[in-house]
Amino acid sequence: MSTTSRGVFITFEGLDGTGKTTQMRRLAERLRAVGRDVFESAEPGGTPIGQQIRRILLDHRNHELCATAEMLLMFAARAQNVDQWILPALAAGKIVLSDRFTDSTLAYQGVARGLGADVVLDVDRIACRGLVPDLTVCLDIDPVAGLARAHSRNREQSGVETRLDEQDLEFYRRVREGYRQIASDEPGRVKLVDGSGTVEEIEGAVWECVRGAVGLE
Ligand code: TMP
């Protein structure tokens with residue numbers, strides 16, 4: 001359990017197109033069905049201020065946004081989310097589910113953009129003030145499959161690719177390596193789940209990871 005709260009903080013991670021948003025929603029429903037009080041959040045975004053920051057981050061016209069500014073904006077949205085929503089929900093004893101958190105920044109900005117883990121963790125200390133997920137479910141899929149899914153979904157939803165869709169396959173391969181490194185460094189917290197099965201198979205695997213963490217064994 002987190003030392004900063006009474007609730008349980010669970011994050012979902014993975015490449016774009018892994019289906020983590022669907023899985024998080026299913027987990028929330030399952031936890032509510034057994035009487036748990038669940039709060040759902042997502043990054044970048046979450047709070048209304050975070051949503052404004054998200055628009056800057058994803059705007060395909062913002063080509064010149066440099067890697068450090070991108071990382072700081074991710075953490076600006078996160079700091080607001082931690083203060084405004086996540087810590088109060090944890091203090092109220094809720095299970096907080098977040099679609100992405102600092103591991104995304106470690107994998108995307110730290111590894112794939114090359115900023116390095118130390119820089120990311122330095123800013124994390126300021127933005128998150130020691131809040132670390134109790135459990136992180138990381139859905140692992142082949143970047144080729146994930147990228148194809150993410151591109152078709154974004155075109156369907158918005159008709160345009162976002163700035164972060166414009167990365168090439170090599171970038172996504174580095175992100176995946178970043179996640180795998182985090183999972184091997186922190187096997188107690190980060191659980192890699194095979195994201196290539198059916199939605200139901202993945203849901204079952206996610207439940208196996210989560211139920212112990214929320215005291216349902
Ligand atoms: P989403 O599609 O899961 O909402 O995420 C939007 C994009 O932002 C996705 O390509 C992953 C990226 N991202 C980062 O690069 N760093 C971060 O810290 C976070 C939270 C997301």
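**Entry 1: ground rules**

I count a residue as buried when its relative accessible area is under 20%, and as exposed when it is over 50%. I also note up front that this is a predicted model.

**Entry 2: helix α4**

I began with helix α4, residues 102-112, and found it mostly covered, with 10 of its 11 residues buried. The buried ones I wrote down are Thr 102, Asp 103, Ser 104, Thr 105, Leu 106, Ala 107, Tyr 108, Gln 109, Gly 110 and Ala 112.

What do the buried residues of α4 pack against? I found two strands and three helices on the list: β1 (8-14) and β4 (135-140), along with α3 (67-91), α5 (117-128) and α7 (169-185). After α4 comes Gly 114, and its phi is positive, near 85 degrees.

**Entry 3: α4 and its partner α3**

Two packed helices are described by the angle between their axes and the distance between the axes. For α3 and α4, I read axes that come within 11 Å and cross at roughly 175 degrees. Angles over 145 degrees count as roughly antiparallel, so α3 is roughly antiparallel to α4. On the α3 side, the contact is made by Ala 67, Glu 70, Met 71, Met 74, Phe 75 and Arg 78. On the α4 side, I noted Thr 102, Thr 105 and Gln 109. These three α4 residues are also among the buried ones from Entry 2.

**Entry 4: the sheet**

Next I went through the strands. Five of them form an open sheet, in the order β2-β3-β1-β4-β5, and the pairing is parallel. Which strands stand at the edges? They are β2 (38-42) and β5 (190-194); each has a single partner strand, so one side of each is left without a neighbour in the sheet. Direction ignored, neighbouring strands are turned by 20 degrees against each other on average.

I then looked at what lies across the sheet. Helix α3 lies across β1, β2 and β3, and runs at about 160 degrees to β2. Helix α8, residues 199-213, lies across β1, β4 and β5, at about 165 degrees to β4.

**Entry 5: strand β3**

In the sheet order, β3 sits between β2 and β1, so I checked both pairings. With β2, strand β3 (residues 95-99) pairs in the parallel sense over five bridges. Two bridge partners I looked up there are Asp 99 for Ala 42 and Val 96 for Phe 39. With β1, the strands again run parallel, joined by five bridges. Here Thr 11 has Ser 98 of β3 as its bridge partner.

Is β3 mostly covered or mostly open? It is mostly covered: five of its five residues are buried. In a regular strand the side chains alternate between the two faces of the sheet. In β3, I see Ile 95, Leu 97 and Asp 99 on one side and Val 96 and Ser 98 on the other, and both faces are covered.

**Entry 6: helix α1**

Helix α1 (residues 20-33) has 14 residues. From first C-alpha to last it reaches 20 Å, close to the 20 Å expected at 1.5 Å a residue. Its buried residues are Lys 20, Gln 23, Met 24, Leu 27, Ala 28 and Leu 31. They cover an arc of only 140 degrees around the axis, which puts them on the same side of α1. An α-helix has 3.6 residues a turn, so residues three or four places apart point the same way. On the other side of α1, I found Glu 29 and Ala 33 exposed.

The buried residues of α1 pack against β1, β2, β3, β4 and α8. Gly 35 follows α1 and has a positive phi, near 90 degrees.

**Entry 7: backbone oddments**

I finished with a few loop residues. The peptide bond from Glu 43 to Pro 44 is cis, with omega near -5 degrees. Pro 44 lies in the loop between β2 and α2 (48-58).

Arg 100 is not a glycine, yet its phi is positive, near 80 degrees. It is in the loop between β3 and α4. Its relative accessibility is 11%, so Arg 100 counts as buried.

Arg 129 also has a positive phi, near 50 degrees. I placed Arg 129 in the loop between α5 and β4. At 47% relative accessibility, Arg 129 counts as partly exposed.

Notes. Residues are numbered from 1 along each chain as its sequence is written. This is a predicted model: local features need pLDDT of at least 70, side-chain atom pairs count only at pLDDT 80 or more; totals for chains, interfaces and linings use all residues. Side-chain values use heavy atoms; hydrogens and water are left out. Buried means under 20% relative accessible area, exposed over 50%, partly exposed in between (1.4 Å probe, protein chains only). Helices (H or I, at least four residues) and strands (E, at least two) are DSSP runs, numbered from the N terminus. Contact means heavy atoms within 4.5 Å. Two strands pair if DSSP finds at least two bridges between them. Axes are lines fitted to C-alpha atoms, for helices over the stretch in contact, and angles run from 0 to 180 degrees between N-to-C directions. The expected span of a helix is 1.5 Å times one less than its number of residues. The arc is that of the directions from the helix axis to the C-beta atoms. Angles under 35 degrees count as roughly parallel, over 145 as roughly antiparallel, 65 to 115 as roughly perpendicular and the rest as oblique.
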